Amino acid sequence: MVARQLVKRFGDFLAVDGVDFEIGKGESFGFLGPNGAGKTSTMRMIACMSPLTSGTLRVLGMDPATDGPKIRSRIGLVAQEDTLDLELTVLDNLMIYGRYFDLPKKVIRERAERLLDFAQLTERAHDKVDPLSGGMKRRLTIARSLISEPDLLILDEPTTGLDPQARHLLWDRLYRLQQEGVTLVITTHYMDEAEQLCDRLVVMDHGRFAAEGAPRQLIEEFSTKEVVELRFRSGEHEDVAMRLADVAERAEVLPDRLLLYTTDGDGALAEVHRRGLSPESSLVRRSTLEDVFLRLTGRTLVD
Amino acid sequence: MTVEAQPVGGERHRSLPTWLRAVRYYAYQYKRTWKGSVTTSFLYPVLYLAAMGVGLGSLVNKHVGVVDGLSYLDFIAPGLLAATAMQVAGNESMYPVMGAIKWWRTYYAMLATPLSVLDVLLGHLGWIVLRLLMVSVIYLGVMAAFGTIHSPLAVLAIPAAVLTGLAFAAPISAYAAAQNTDVGFTTIYRFILIPLFLFSGTFFPVSQLPAWLQPIAYATPLFHGVRLCRGLTEGHLGWQAALVSTAYLVVVFLVGCWLAERSYAKRLVV
Ligand SMILES: Nc1ncnc2c1ncn2[C@@H]1O[C@H](COP(=O)(O)OP(=O)(O)OP(=O)(O)O)[C@@H](O)[C@H]1O
Ligand SMILES: [Mg+2]
């Protein structure tokens with residue numbers, strides 16, 4: 001998949017502002033970014049459901065403008081908003097979706113059985129979808145996207161609303177699909193998920209890419225080795241940050257805590273105590289993608 | 001719009017055109033509601049023909065004699081067939097269309113698969129054809145039971161009723177796909193469907209209307225649907241009238257399709 005200068009405009013509003021990316025077969029590629037960054041708009045273009053305003057896009061080697069149906073026949077999509085038929089049963093939802101792809105009934109039944117097992121919905125197969133819990137519906141949507149055994153799987157916040165066990169099941173499943181050569185494109189607000197699942201990812205903000213790379217690489221590039229998290233009484237964080245400005249390479253004030261970015265966490269924490277500050281709680285940890293995200297998306301108050 | 005099916009599961013199987021796959025969706029849906037729907041399709045003509053055709057009809061026949069050369073029952077039954085087709089098509093093209101976009105997002109589910117916007121529209125209209133077929137076959141059966149069918153041409157009243165319905169379904173779908181609330185639907189019922197039902201030659205000949213209203217009545221698709229159905233069941237349809245009315249309904253349908261495709265695309269492809 002190749003995108004060059006991809007632009008999506010809604011009226012005067014620029015939702016995607018000229019992004020470039022390439023995703024290889026069997027790769028797992030993530031889009032991170034705050035609400036409204038343009039992730040879903042990008043996913044919809046990749047899924048050949050939304051035309052580009054300008055730029056070029058090739059998906060599975062084809063042009064969405066001319067080969068949309070052909071491309072979509074090889075794509076599985078988990079849209080951000082569920083599009084299940086609430087009046088039909090769980091199994092009928094899989095049946096009818098598989099029928100859109102023109103799969104024979106027998107094939108769909110076989111696959112549905114395995115997918116329902118994976119989605120832990122076997123017992124609910126003949127129940128209507130409407131009364132299922134939010135997470136169950138989400139699991140069904142994910143199962144449904146796999147019914148056509150797609151070459152490209154597009155997942156827009158797939159695990160929102162899933163319990164930890166279901167998330168881990170999904171991660172495992174996605175990992176195995178990737179081993180089989182399926183290309184994954186994922187958006188998520190869970191940094192641990194991105195770190196686990198994505199070979200490469202981009203951090204998107206205001207329709208542009210703020211950074212691109214492997215999770216480890218991004219952490220090295222945009223954050224320090226360690227982070228000290230300090231919690232003071234609320235309202236004090238700004239003041240304390242000023243006084244500690246020279247202790248760390250960078251300090252960041254969040255509503256509920258203060259983060260000090262440094263190569264030596266324990267050393268920095270000792271220095272905090274030596275200056276007579278006593279935080280209510282403190283923690284030294286390694287940098288994660290979350291720190292990269294915070295830095296890149298402008299959610300920083302002190303730099 | 002056919003996408004080649006890849007051989008799946010080791011067996012060859014004939015690929016179904018994409019728009020028919022959308023029709024199949026509605027068939028799945030209908031499994032839940034068919035009983036109530038079929039019952040209504042029976043009851044509606046039975047009640048109407050009994051009350052209006054037989055009850056009111058005996059009064060009309062006694063005091064007025066024949067209407068346009070027909071007994072009142074014979075006059076009204078085919079008119080109601082066309083009017084029912086209009087109503088079914090209208091009902092199926094308002095809430096179901098807006099709901100598939102706004103509430104259930106059914107169309108978006110389809111559009112994530114090989115189906116195109118045109119397939120989504122044709123699937124919807126294709127399903128309406130099936131519904132209209134069911135309704136008009138049942139209606140014609142009831143008419144036969146009431147003894148109001150006087151020509152073998154009556155079987156052609158089935159496609160005539162379907163065409164009448166489509167001439168409403170297509171433009172109304174175009175309108176419904178552009179709606180965000182159901183306020184506009186009330187307007188359609190109030191200012192289009194109900195007036196047409198009452199004044200397009202269903203219950204009395206258009207010639208009874210004030211002169212200035214007659215051209216408007218003649219221009220409505222329902223008038224032409226009624227004329228076709230009545231002429232076919234009673235066996236007095238001239239070929240010129242048949243041609244004009246059929247052509248008129250086909251044109252309204254095609255223009256409606258053109259509008260609907262644009263309306264669907266504008267709403268669904270953003
Ligand atoms: N159909 C539309 N019409 C007008 N504006 C739109 C439309 N779809 C998206 N937008 C706007 O485009 C911007 C990007 O939206 P998008 O859904 O791509 O964000 P996102 O990154 O997926 O956010 P989230 O994390 O909340 O899902 C938003 O400001 C949104 O209001
Ligand atoms: Mg989104």
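Trainee: Let's start in chain B. With 18% relative accessibility, does B:Ala242 count as buried or exposed?
Mentor: Keep in mind that we're looking at a predicted model. The cut-off for buried is under 20% relative accessible area. B:Ala242 comes out at 18%, so it counts as buried.

Trainee: Which residues does B:Ala242 touch, leaving out those up to four places away in sequence?
Mentor: First, place B:Ala242 in its element: helix 10 of chain B, residues 239–268. With residues up to four places away in sequence set aside, what B:Ala242 touches is B:Leu228 and B:Leu237.

Trainee: And how far is B:Ala242 from B:Gly53 in space, C-alpha to C-alpha?
Mentor: Along the sequence, B:Ala242 and B:Gly53 are 189 residues apart. In space, their C-alpha to C-alpha separation is 25 Å.

Trainee: What about B:Leu16, what is its relative accessible area?
Mentor: B:Leu16 sits in the segment before helix 1 (18–63) of chain B. Partly exposed is the band between under 20% and over 50%. B:Leu16 counts as partly exposed because its relative accessible area is 25%.

Trainee: Which chain A residue does B:Leu16 touch?
Mentor: Not counting residues up to four places away in sequence, B:Leu16 touches B:Arg21 and B:Arg24 in chain B. Its contact in chain A is A:Asp102.

Trainee: Moving on to the nonpolar cores, which helix gives the largest share of the largest one?
Mentor: The largest nonpolar core has 161 residues, and A:Phe21, A:Leu289, B:Tyr107, B:Met110 and B:Tyr264 have the most contacts inside it. The largest share of this core is 14 residues, and these come from residues 157–176 of chain B, helix 6.

Trainee: How many residues are in the other core, the one with A:Leu230?
Mentor: That core lies apart from the largest one. Among its members are A:Leu230, A:Val240, A:Ala241 and A:Leu269, and its count of residues is 16.

Trainee: Now the sheets. Which strands of chain A stand at the edges of the six-stranded sheet?
Mentor: This open sheet has mixed pairing and the order 5-6-7-3-8-9, and its twist averages 15° from one strand to the next. An edge strand has a single partner, so one side is left without a neighbour in the sheet; in chain A that applies to strand 5 (75–78) and strand 9 (208–213).

Trainee: How many residues of strand 6 of chain A are buried?
Mentor: Strand 6 is covered on both faces. A:Leu152, A:Ile154 and A:Asp156 are buried on one side, and A:Leu153 and A:Leu155 on the other. Out of five residues in the strand, the buried ones number five.

Trainee: Within that sheet, which residue in strand 7 of chain A is the bridge partner of A:Leu155?
Mentor: On one side, strand 6 runs parallel to strand 5, with four bridges, where A:Ile75 has A:Leu152 as its partner. Strand 6 also runs parallel to strand 7, over five bridges. There, the bridge partner of A:Leu155 is A:Ile186.

Trainee: Helix 1 of chain A lies across these strands, so to speak; at what angle does it run to strand 6?
Mentor: Helix 1 covers residues 39–46 and lies across strand 3, strand 5, strand 6, strand 7 and strand 8 of chain A. Its angle to strand 6 of chain A is about 155°.

Trainee: Over to ligand 1. Which residue's side chain has an N or O atom 2.9 Å from an oxygen atom of the ligand?
Mentor: There are 14 residues around ligand 1, and A:Gly36, A:Lys39, A:Thr40, A:Ser41 and A:Gln80 come nearest. A ligand oxygen is 3.0 Å from a side-chain N or O atom of A:Asn35, and one is 3.1 Å from a polar backbone atom of A:Ala37. The side chain at 2.9 Å belongs to A:His189.

Trainee: Last one: in the four-stranded sheet of chain A, which residue of strand 13 stands opposite A:Arg231?
Mentor: This open sheet has antiparallel pairing and the order 11-12-10-13. Strand 10 (residues 226–231) and strand 13 are joined by six bridges. Opposite A:Arg231 in strand 13 stands A:Ser281.

Methods:
Residues are numbered from 1 along each chain as its sequence is written. Chains are lettered from A and ligands numbered from 1 in the order in which they are written. This is a predicted model: local features need pLDDT of at least 70, side-chain atom pairs count only at pLDDT 80 or more; totals for chains, interfaces and linings use all residues. Side-chain values use heavy atoms; hydrogens and water are left out. A nonpolar core is a set of buried Ala, Val, Leu, Ile, Met, Phe, Trp, Tyr and Cys residues joined through side-chain atoms within 4.5 Å. Buried means under 20% relative accessible area, exposed over 50%, partly exposed in between (1.4 Å probe, protein chains only). Helices (H or I, at least four residues) and strands (E, at least two) are DSSP runs, numbered from the N terminus. Two strands pair if DSSP finds at least two bridges between them. Axes are lines fitted to C-alpha atoms, for helices over the stretch in contact, and angles run from 0 to 180 degrees between N-to-C directions. Contact means heavy atoms within 4.5 Å. A residue is near a molecule or strand if one of its heavy atoms lies within 4 Å of it. A polar contact is a pair of N or O atoms within 3.5 Å; within protein, one must be able to donate a hydrogen and the other to accept it, and residues adjacent in sequence count only if both atoms are side-chain atoms.
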